[in-house]
Amino acid sequence: MCVGLDPHASLLADWGLDDTPGGLERFAGTFVEALGGRVAVAKPQSAFFERHGSAGIAVLERAVADLRAAGCLVLLDVKRGDIGSTSQAYADAYLDQGSPLAVDAVTASPFLGTGSLEPMVATARRHGAGLLVLALTSNPEAPQVQAARTTDGASVAGAVLDWLRGLNGDETYGSFGAVVGATIGETAEDLAVGGPLLVPGVGAQGGTAESVRRTFGAVLPHVLPSSSREVLGAGPGVAALRDAADRATDAFRDLLAPGGAQ
Ligand SMILES: O=C(O)c1cc(=O)[nH]c(=O)n1[C@@H]1O[C@H](COP(=O)(O)O)[C@@H](O)[C@H]1O
């Protein structure tokens, strides 16, 4: 299970915290205490830290370091993507393990062309990091772009999935995964990319273990379900957060266990 660290202003208020860097720090600290080392992957959403300016980024830096020290893989949700030379700077910022904001993996946007992400791929390979690339996102507007056809007739999403398959080569669990929403319903796209499938949209956006089973079928062993508000809404108590994360994990345990796909 991946649990998102998404400190919405409304959640800060629900937890009795101010919408300030100080409130953010308390929120992140409670998340680390409750879930650090307890969930496989933690996914901080950068936007909720950026909205507090440099003080918010400092809180993010500390949370990332604390989560990694506690034994979680940290997937930073930044959805970056730009022309190649700028992609290299994003790679330096997040995937170079000497950077102050180094993480295990980031989300990346391929919509400037998959080739524009090559510097991020090369840096990830050099540092043993990973990329989770948007393919079929959970938002209702997504098909406008992702279902559009490329000049060779494939869908945009299909072209992204093909590119990822090529990057992973013969690996069963390669470092280059796709982001596919828990809410997309059935798809004709081939989701077997030889890497992880980050599946956000569980809980608050309506995705369930059953919807995930229907969408992913044979590739269920590659699914990493992700939930943010559904778990965070149980806070601020540490025990209640742990219970909520355990419940979310349990909902997927049978489905994703070896043989559970049948
Ligand atoms: O890349 C993502 O994580 C992502 C992709 C996507 O297709 N849909 C999606 O909701 N997300 C992120 O996943 C989180 C979902 O949060 P909840 O709806 O609260 O579980 C947010 O941080 C979104 O930015």
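This report walks through a predicted model of a protein chain with a ligand, moving from the whole fold to single residues.

**Confidence and overall shape**

Let's start with how far the model can be trusted. The protein chain has a mean pLDDT of 96, and 98% of its residues reach 70 or more. For the complex, the predictor gives an ipTM of 0.99 and a pTM of 0.97. Where pLDDT is low, the predicted coordinates should not be read in detail.

The protein chain contains eleven helices and eight strands. Its C-alpha trace spans about 55 × 45 × 30 Å along the principal axes. A compact globule of 262 residues would have a radius of gyration near 18 Å, and the protein chain agrees with this because its own value is 18 Å. Of the 262 residues, 45% are buried. Contacts between residues 24 or more positions apart make up 68% of those with a separation of 6 or more.

**Around the ligand**

Which residues come nearest to the ligand? Of the 18 residues around the ligand, they are T137, S138, P200, S228 and R229. Sorted by class, this shell holds three nonpolar, twelve polar and three charged residues.

**Two helices and what covers them**

Helix 9 runs over residues 209–216, and its buried residues are V212, T215 and F216. Viewed down the helix axis, these buried residues fall within an arc of 80 degrees, so they line one face of helix 9. As background, an α-helix has 3.6 residues a turn, so residues three or four places apart point the same way. The face of helix 9 turned away from its buried side carries E210 and R214, which are exposed. The cover over the buried residues of helix 9 includes strand 7 (197–199), strand 8 (223–227) and helix 11 (238–256). Just after helix 9 comes G217, with a positive phi of about 40 degrees.

Helix 6 covers residues 118–127, with P119, M120, V121, T123 and A124 as its buried residues. What do these buried residues of helix 6 pack against? Their partners are helix 5, strand 4, strand 5 (130–136), helix 8 (156–168) and strand 6 (176–180). Helix 6 is followed by G128, whose phi is also positive, near 65 degrees.

**Four single residues**

Here are four residues you may like to find in the viewer, with their C-beta neighbour counts.

| Residue | C-beta neighbours within 10 Å | Status |
|---|---|---|
| M1 | 22 | buried |
| D96 | 16 | partly exposed |
| K79 | 18 | partly exposed |
| A142 | 18 | partly exposed |

M1 sits in the segment before strand 1 (2–5). Is M1 buried or exposed? M1 is buried because it has 22 C-beta neighbours inside 10 Å, and the cut-off for a buried residue is 20 or more. Leaving aside residues up to four places away in sequence, M1 touches V39, A40, P225, A245, A248, T249 and F252. The C-alpha atoms of M1 and E118 are 28 Å apart, with their positions 117 residues apart along the chain.

D96 belongs to the loop between helix 5 (84–94) and strand 4 (105–108). Not counting residues up to four places away in sequence, D96 touches A91, A102, T123 and H127. Two of these names tie back to helix 6, since that helix spans residues 118–127. From C-alpha to C-alpha, D96 and A70 are 20 Å apart in space and 26 residues apart in sequence.A142 is placed in the loop between strand 5 and helix 7 (143–146). Beyond residues up to four places away in sequence, A142 touches L136 and T137. A142 and I184 are 42 residues apart in sequence, with 9.5 Å from C-alpha to C-alpha.

**Backbone details**

Most residues other than glycine have a negative phi, and most peptide bonds are trans. K79, in strand 3 (residues 73–80), has a positive phi near 45 degrees and is not a glycine. The peptide bond from G235 to P236 is cis, with omega near 15 degrees. P236 itself lies in the loop between helix 10 (229–232) and helix 11.

Notes
Residues numbered from 1 in each chain as written. Predicted model: local features only at pLDDT ≥ 70, side-chain atom pairs only at ≥ 80, totals over all residues. pLDDT = per-residue confidence, 0-100. Buried ≥ 20, exposed ≤ 12 C-beta atoms within 10 Å, placed from the backbone. Helix = DSSP H or I, 4+ residues; strand = E, 2+ residues; numbered from the N terminus. Arc of directions from axis to C-beta. Contact = placed C-beta atoms within 7 Å. Near = placed C-beta within 6 Å. Nonpolar A, V, L, I, M, F, W, Y, C, P; charged D, E, K, R; others polar. Rg over C-alpha atoms; globule rule 2.2 N^0.38 Å.
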